[in-house]
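Trainee: Please take a close look with me at the open sheet in this model and at the loops and helices one meets around the chain. I would like one connected account.

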Amino acid sequence: MPTPLSRIPTRALVTALLVAAFGAQAVAALRPHVPLLLASTLVSLAMEGVLYRWQRGMLSVFAKSHADITVRHVLRDLLLVVGLLRLGEQQRETLYAPAVAGLLAFYALHCAIQALSVLVRRIRTLPVITRNIDASALRLSPAPPQLLRRPGDRLLVFGLPATAGLLTTAAIDDPRCAALGIALSLGLGLLGLYDLLVRLLPSRRPVTEQEALNWLDAWLAEYRPTVGLYFSGGAASAYQANMWLEPLAQLEGRPLIVLRERFMVQKLAPTDIPVLCLPKVSTLMRLEQSSLQVLIHPSNSGKTSQVLRIPTLKHTFVNHGESDKLSSCNPYAKAYDEVWVAGPAARERYALAEVGVEDKDVVEIGRPQLDAVQPYEGPSDGEWTTVLYAPTWEGWDGNPGNTSVIEAGENVVRALLADPGVRLLYKPHPLTGSVDPRAGAADLRIRELIRAANRERSAQRPGDSAALASLTEELDRLTTTDVRASADQVERMLLQGAPEPGRAEAVARATAAWEEAYWASLPPGEHQVVTAARPTLYACFNVADLLISDVSSVISDFLASGKPYAVANTSGLAEDVFRKAFPTVRAGTVLTPDAAGMPELLDAVRHPEKDELVEARAELKRHLLGPDEPTSQERFNTAVQALCAAAQEHRTRMEERLAAELPPDIPDQRRSVTPQQPARPA
């Protein structure tokens, strides 16, 4: 992918050619000069195609300069008409007056289509977006063709016959060609106008906003959710919610996912849990009258404060991973009713941070996601020692100790690749390079080192690639919905309705089979750069013999396996200070930025009798993640049920207080703050 700097000459060239083409077209129209008129018009059309195909970012620049596609298209056709009028000596104004009138009608039609397109889009923008819910009662329907929703693309396509007709007329001096081209453009415009008008019929449009809100209230009353996951954030932060989907699905009661950004509905990983996206605060407040009791928050955001205003709900913060970083003790956590952490280490961390979180509000639940991480059973029996290098990203604060990619990444990878018995799995953080370009550049260099090493270690792939392809197809079928790229939110709601019974179990079986087939399909000893959604980080844990990472939640999670790990120290601190500052490091090997000591580390991994940190890892695991029994999922469920009970008790007290304060003959909606609660599933 070209860098922004490399795109600048291309953009400048396209802009210069487009401006030159319009200048040449103006000169050719005024002289007049037919060959130059034809050539310059064709060049300008070609540059429009380049803009819309490869340089769409330039479109906003032209629009800000008041030279958008409509202005350019009108100017291009106007210059063609001027050229036609100046050709010959006879009176040509009368001859081409119908063509000019037709062009004016076409542009008026274009404006009408755009107005209708905006109206249709507004009508199809519902106050609630759903997934895994049967919302057919909202009169959902497929979206209009994408061409009708993009004014620039539409004008280029619909106006092309008119421009082509004018060009042909300029070349052969036959007005009928212009008339035919303009007629075709008008016909296309009328067809587009008809398509949009039909969608405004009462039977074809979705329900009104109030009807949608009434449907939402009815659905909440029927489904009767008890616990929800609340999430708001940017597109790259979806992983923070995704890691809690499976534990949420295994809870007792009726789980629900509440989102705030419309785009996030499609960013969520495959799940059967009902999803509600409530962009407006007024819509969000309707949860107050529902049976929902607890909201689980995996992250803090600007919109978190909005849902905290609902008095009938209890809120808990579970974070999206724990580490020794200060970000794991955000003062915002004191806004929640409870803070759920993995083990005693996090409880101590909040006490030392003094951010206002009281110890009585901290609940240890372990890490439910880690129940799938397989325990350590000794070094691999195979030929290769699998090392997972999973550095974190650079963070927002510019601390050089956040990520090892910049200062140590290449040294670590070179040291690993130098060992002929190592198979490297490199899994960078998805946000690597998003803040510091140096991290992105180092990441690219690391990938090139791995590609070069693989070229020297060429091996034949096993013969079961067909099995992997078949399992991939099956897993994709189970976890994705066949949706047009041009589908809008309403169409996606129609296609992503209630899931088929048993789909979650089928996905779990297909995922396990896919992971087994994936690792079996790789050539022996081939290094891997893992950036796709599959295999997951935890799947990489299960095949790795050693983890190398930074101070991050990856270390805490990897401790569930009991396997050896190392931490790259790029903080500038001495090793003893580094270990004291970051307790998660104390049971691992500390690597300096030059990756010295890598041979000794690998030797200890291959010969467990040389591993002096076995007991330290076991003790640290209990300190960070809590006991093995009961399981994290069981502790998570217990905490949810306890907080639900607290929420129900709070509602009951509030209802009794309101009943005592208000005379019985005065109606007040606040009397019904306690909805009928669902029976707990067996």
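Mentor: Helices here are DSSP runs of H or I with at least four residues, strands are runs of E with at least two, and the numbering starts from the N terminus. The model is a predicted one. With those names in hand, P535 can be placed in the loop between β11 (528–529) and α21 (537–543), and the peptide bond leading into P535 from R534 is cis, its omega lying near 0 degrees.

Turning to the sheet you asked about, it is open and holds eight strands, arranged in the order β1-β4-β3-β2-β5-β6-β7-β8 with mixed pairing. Because β1 and β8 each have a single partner strand, they stand at the edges, and one side of each is left without a neighbour in the sheet. Ignoring direction, neighbouring strands of this sheet are turned against each other by 25 degrees on average. In general, strands of a sheet pair through backbone hydrogen bonds, in either a parallel or an antiparallel way.

At the β8 edge, strand β7 (residues 338–341) runs parallel to β8, and three bridges join the two; within that pairing, W340 has V363 of β8 as its bridge partner. Before β8 (362–364) in the chain comes a loop that starts after α15 (344–353) and contains E354. Although E354 is not a glycine, its phi is positive, at about 50 degrees, and with a relative accessible area of 70% the residue is exposed, since anything over 50% is counted that way.

At the other edge, the loop between β1 (129–131) and α6 (146–149) holds R139, another non-glycine residue with a positive phi, here about 55 degrees. R139 has a relative accessibility of 36% and therefore counts as partly exposed.

A helix also covers part of the sheet: α26 lies across β2 (227–231), β5 (294–297), β6 (314–317), β7 and β8, and runs at about 150 degrees to β6. In the loop between α25 (614–625) and α26 (632–661) sits P630, which is joined to E629 by a cis peptide bond with an omega of about -10 degrees.

A helix pair completes the picture. The axes of α5 (residues 93–123) and α7 (residues 151–172) come within 11 Å and cross at roughly 175 degrees, which makes α5 roughly antiparallel to α7. Among the residues making the contact are Y96, F106 and H110 of α5 and R154, F158 and L166 of α7, and the residues of this contact divide into 10 nonpolar, four polar and one charged.

Conventions. Residues are numbered from 1 along each chain as its sequence is written. This is a predicted model: local features need pLDDT of at least 70, side-chain atom pairs count only at pLDDT 80 or more; totals for chains, interfaces and linings use all residues. Side-chain values use heavy atoms; hydrogens and water are left out. Axes are lines fitted to C-alpha atoms, for helices over the stretch in contact, and angles run from 0 to 180 degrees between N-to-C directions. Angles under 35 degrees count as roughly parallel, over 145 as roughly antiparallel, 65 to 115 as roughly perpendicular and the rest as oblique. Contact means heavy atoms within 4.5 Å. Ala, Val, Leu, Ile, Met, Phe, Trp, Tyr, Cys and Pro count as nonpolar, Asp, Glu, Lys and Arg as charged, and the others, Gly among them, as polar. Buried means under 20% relative accessible area, exposed over 50%, partly exposed in between (1.4 Å probe, protein chains only). Two strands pair if DSSP finds at least two bridges between them.
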